[in-house]
Amino acid sequence: MCSCCTDFQKKMVSFGCSAFLVLFAIVLGTLWPTMSSKLLHDKLVIKNGSVNYQNWIKTPIPMFLEVYLFNWTNADDLHKFPTVKPHFQELGPYVFHEVHERKNLVWNDNNTVTFNQRRTWHFDPDRSNGTLDDRVTNLNVISLNVAYFMRDSNYFLKKATDMVVELDGTFLWRGKTVRELLFDGFEDPLLDLLKTLNDTIKVPFNKFGWFVDRNESDTYDGTFTMKTGADSLENTGMLTLWNGASDTGMYRGKCGQVQGTSGELWPYGEKISIHDVEGTKYVGDEQVFDNGVKYPEAACWCNGAHCPDVKPGVFNASACKFGSPTFISYPHFYLADKSYRESIDGMSPNRSKHEFYIAMEPHTGIPLDVRAQLQINMLLQPISGFSMFEKVPKLMVPMLWFTQRATLTPELANQAKLALMLPGLGIYIAIFFGTIGIILTGAFGYIYVRKWSSQVPYEELLR
C-alpha cells in the first residue's frame, strides 16, 4: 500500500480486497455449474466448430479392420460326413487402416443432421499375417444362393436352373485370392442369373466380394439422420431415421426400428482405464444373437414362418443380404449353441480373442476402446432338385470374421480429461479464492486488533 494512505484507508483497502475475493468465490461457485454446463455443451454438441464436431466429421482415433478368412481344407471329403467333419483353417489377419468421414450434411430444424458416411480402407502389410494374394477355398456363395432362391419353384423351372448351375457353377470357390474375396471382387457366370432370379430385392453389384463397392463409397451405407445434442447432450448421436424412414422394414416390431443401441444388449462388463481416462466396458452377450429361444423379447429378430428358426448364437441376416441364407455370429461361434462348432473342425472360441465390447467414458460418451467382432456364415443345407446340393449335410459354414479396432490416443485422452475436469474446475477456483479471502480477512483483522490494543492505555483496557 502507498505510504501516503491513512490507516483508515489502508484498512478499507485491505478489507475490501479480502471481501472481493470472498464475494468472487461465492458468485463463481454459484454460477459455475451453469457456466460449465454451457461450455461442455458447446464442446460436445454436434455443430460446425465444436470439438466433438471435428472428431465426428472425420474419425481422429486410429481404426483398423482385421479380417480373417476360413479355408476349407477337406471339402472333397464332404460325402464322408459325419465320419469326416469339414475342417476350416483360419487365415490372417489381413489388416486395413480404416477412416470414417461424414459427407453431404444437411442440418435440420429439429436438432438433427442428415448425412452419408464414407468409409475408406487401405491395406497395411506390416500389421498383416499374409498378403492379399493368399489363396482361399470355401463355399461358392453364388451357386448356393441360386439354388436357395429357387428351392420352392416348380419342377421344370428348378430342373432348367439346375442345368445352368451344373454348367456354369461350382460347389466351391477354389483358390480365390484374398483381394478378390474382400474389396476387389470377381465376376461369376451365375451372378447375372442370380440378379434375375431375385426380383424381390435387386442385387446392386456386378461382381462378388464381401466388401465390394464399399471402399470410398458415400452411398453404400445409406443416409442417416441423427440428433446433434443441441436439445440435450444425452441425445447426441442417437439415430432417428435411416434412408428417410424410422423403420428399416427388415424385421418385426421394435427390431426394425431405427434407434440407438438399447441398454439391455450391452450389459455392464467392468471398469477400464485408457491413458488415465476412466470408462465403462459394455460387452455383447448371448442375448445379442438370440431370436427368442432364451430371451422372448428378442423374438422379433426372426422373420421365418416358424420361430425361432435357428438355434441360439447366430443371427439371421438374410433380410439385410438380399434374401441370401447369411447368418452372423461371434467369431468361432463364441457363445453360440455348441452344435455349430461340434459339426465342423477348426473352431476355437476364446473370450479374450472373440469377445465383442465397447468401452466408453460415461459422462462424455467418448469411446476409449472398441473391439467390434463379427463372423459371417452361410447356411449349407439339402436343396431338392439341385444335384449339387441334394445330398449335402446341414451346416453353418464359416466364411470369414472381422474385428474393427479403435483405441483412444493420448491427445484425445487429454481433451477428454479437460472436459471431465471442467465441471469441478470453477468450484476448485472458487474454494481457492474464497479460502484466500477468508484467511486475509482474518489476518488483517488480527493485525489491526493487535495494533489497536497496543495503542490503548492499560488503564483503558481495565475499565
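**A tour from Asn-140 outwards**

Start by selecting Asn-140 and Ile-142: at the start of helix H3, a side-chain oxygen of Asn-140 comes to within 3.0 Å of the backbone nitrogen of Ile-142. That is a polar contact (a pair of N or O atoms within 3.5 Å; within protein, one must be able to donate a hydrogen and the other to accept it, and residues adjacent in sequence count only if both atoms are side-chain atoms). Helices (H or I, at least four residues) and strands (E, at least two) are DSSP runs, numbered from the N terminus.

Before you go on: this is a predicted model, in which local features need pLDDT of at least 70 and side-chain atom pairs count only at pLDDT 80 or more, while totals for chains, interfaces and linings use all residues. Residues are numbered from 1 along each chain as its sequence is written, and side-chain values use heavy atoms, with hydrogens and water left out.

Now select H3, residues 141–149. Eight of its nine residues are buried (under 20% relative accessible area, with a 1.4 Å probe and protein chains only). Among them are Val-141, Leu-144 and Tyr-148.

Step back to strand E4, residues 135–139, where four of the five residues are buried. Add strand E5, residues 172–177: the two run antiparallel, joined by four bridges (strands pair if DSSP finds at least two bridges between them). To see the register, pick Val-136, which stands opposite Lys-176 in E5.

Next, which residue of E5 should you click? Go for Trp-173, found in that strand. Trp-173 is buried, at a relative accessible area of 5%. Its C-alpha atom is separated by 5.0 Å from that of Asn-140, though the two are 33 residues apart along the chain. The side chains of Trp-173 and Asn-140 also share a polar contact of 3.4 Å, and the Trp-173 side chain makes another with the side chain of Asp-188 (3.3 Å). Show its neighbours, not counting residues up to four places away in sequence: Trp-173 touches residues including Leu-139, Ile-142, Phe-186 and Phe-208 (contact means heavy atoms within 4.5 Å).

Finally, colour by pLDDT, the predictor's confidence in each residue, from 0 to 100. The chain averages 80, and 73% of the residues score at least 70. Confidence is highest in E4, at 97, and lowest in helix H10 (residues 458–462), at a mean of 49. Residues 261–267 stay under 50 too. Where pLDDT is low, the predicted coordinates should not be read in detail.

Conventions:
Buried means under 20% relative accessible area, exposed over 50%, partly exposed in between (1.4 Å probe, protein chains only).
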